Amino acid sequence: MTSEDLAAQGISADLAVHYVRSGWLKRLMRGVFCRPNETLALYPSLVLLQHKFEGLHVGGKSALDWYGVRQYVSQKPVLQLYGWDAARLPAWFTQRFPAEYHRKRMFDERPEALLHVAPFEKQSGAPHVSAPERALLELLSDIGVRQPLQEARELTEGAYNLRADVLRELLQHCGSVKTVRLCLQLGRELSLPWVKKLDPVTLPTGSKRDWVSKSADGLLVLKP
């Protein structure tokens, strides 16, 4: 609960302080409270953070995992969260839910109207999550930064049911040439059905030169 939530129930800031001192409420951080000895749930905790972080949503590898696209079941998965501005997740959240936050502005969009980001499975009160198509592009954008290429390749291989029309729209609004080229290149190498429905001529693949980057995986060369 936030201070605003309490105020909506007629609990003033002074009364909230009294409740905290009396042990009837526990303060997690300034303006955020929970009931004593309450086990926090992930969904409402994420929804609360969405009000604090502009454009916050579950994305990349985590979103793919939520949709059942995964390489293996990790013993301690780290939740991948993306948002519009640079920020740091509060300790009360990361202590309960191991997570990483990344500022990401890949697409031509507005933070209040992100492309293909919506409540998970359209459930009321569910946190915002990238559609599988957007999640794949977020994953590919992290290659060479924090995402190993081989793992991304294996996850891409499992994403054979992506919607070509949604992927096309996202790619057309994508400002990362690396991501666009990686998507097309891996799609062709893995013979995924959606890549045949994408015309590279209509996508922002950049100049006619090779895109080259050096990372821990070695030299990454992407053809136009």
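**Salt bridges, ring pairs and a cavity**

User: What is the relative accessible area of D85?
Analyst: D85 has a relative accessible area of 33% and is partly exposed. Please note that this is a predicted model.

User: Which residue does D85 form a salt bridge with?
Analyst: The partner is R105, and the closest N and O atoms are 2.8 Å apart. The two residues lie in distant parts of the chain, 20 residues apart. D85 belongs to the loop between strand 4 (79-83) and helix 5 (91-94), and R105 to the loop between strand 5 and strand 6 (117-119). R105 is partly exposed, at 42%.

User: How many salt bridges are there?
Analyst: The count is 11. One of them joins E38 to R35, with 3.6 Å between the closest N and O atoms. E38 is partly exposed, at 35%, and R35 is partly exposed as well, at 49%.

User: What about E138, which residue does that one bridge to?
Analyst: E138 forms a salt bridge with R134, the closest N and O atoms being 3.1 Å apart. Because the two residues are four apart in helix 6 (residues 132-141), about one helical turn separates them.

User: And are E138 and R134 buried or exposed?
Analyst: Both E138 and R134 are buried.

User: Which residues are linked in a network of salt bridges?
Analyst: K104, D142 and R146 are linked in such a network.

User: Changing topic: which residues line the largest cavity?
Analyst: The lining consists of G55, H57, G83, W84, K104, E109, L114 and R134. Thus K104, part of the network with D142 and R146, is found there, as is R134, the salt-bridge partner of E138. The lining residues divide into two nonpolar, three polar and three charged.

User: What volume does the largest cavity have?
Analyst: Its volume is about 30 Å³. The count is one cavity of 30 Å³ or more.

User: Now the rings. How many aromatic pairs does the structure hold?
Analyst: There are seven aromatic pairs. One of these, F53 with Y101, is tilted, with 5.6 Å centre to centre and 50° between the planes. The pair connects distant parts of the chain, 48 residues apart: F53 sits in the loop between helix 3 (42-52) and strand 3 (57-58), and Y101 in strand 5 (residues 99-103). F53 is buried, at 11% relative accessible area, and Y101 is buried, at 14%.

User: Which residues do ring pairs link into a cluster?
Analyst: The cluster contains Y43, W66, Y67 and F120.

User: Last one: how do strand 1 and strand 2 run?
Analyst: Strand 1 (residues 26-29) and strand 2 (residues 32-34) run antiparallel and are joined by three bridges. K26 has C34 as its bridge partner in strand 2. Two residues lie between the strands of this hairpin, where G31 takes a positive phi near 85°.

Conventions
Residues numbered from 1 in each chain as written. Predicted model: local features only at pLDDT ≥ 70, side-chain atom pairs only at ≥ 80, totals over all residues. Heavy atoms only, no water. 1 Å grid on protein atoms, 1.4 Å probe; cavity = no way out; pocket = protein on both sides within 12 Å on 5 of 7 lines; lining within 4 Å. Points joined across faces, edges and corners; volume = space filled by probe spheres on them. Nonpolar A, V, L, I, M, F, W, Y, C, P; charged D, E, K, R; others polar. Phe/Tyr/Trp six-rings, centres within 6.5 Å; stacked < 30°, edge-to-face > 60°. Buried < 20%, exposed > 50% of the residue type's maximum accessible area, 1.4 Å probe, protein only. Pairing = 2+ DSSP bridges. Salt bridge = Lys/Arg side-chain N within 4 Å of Asp/Glu carboxyl O.
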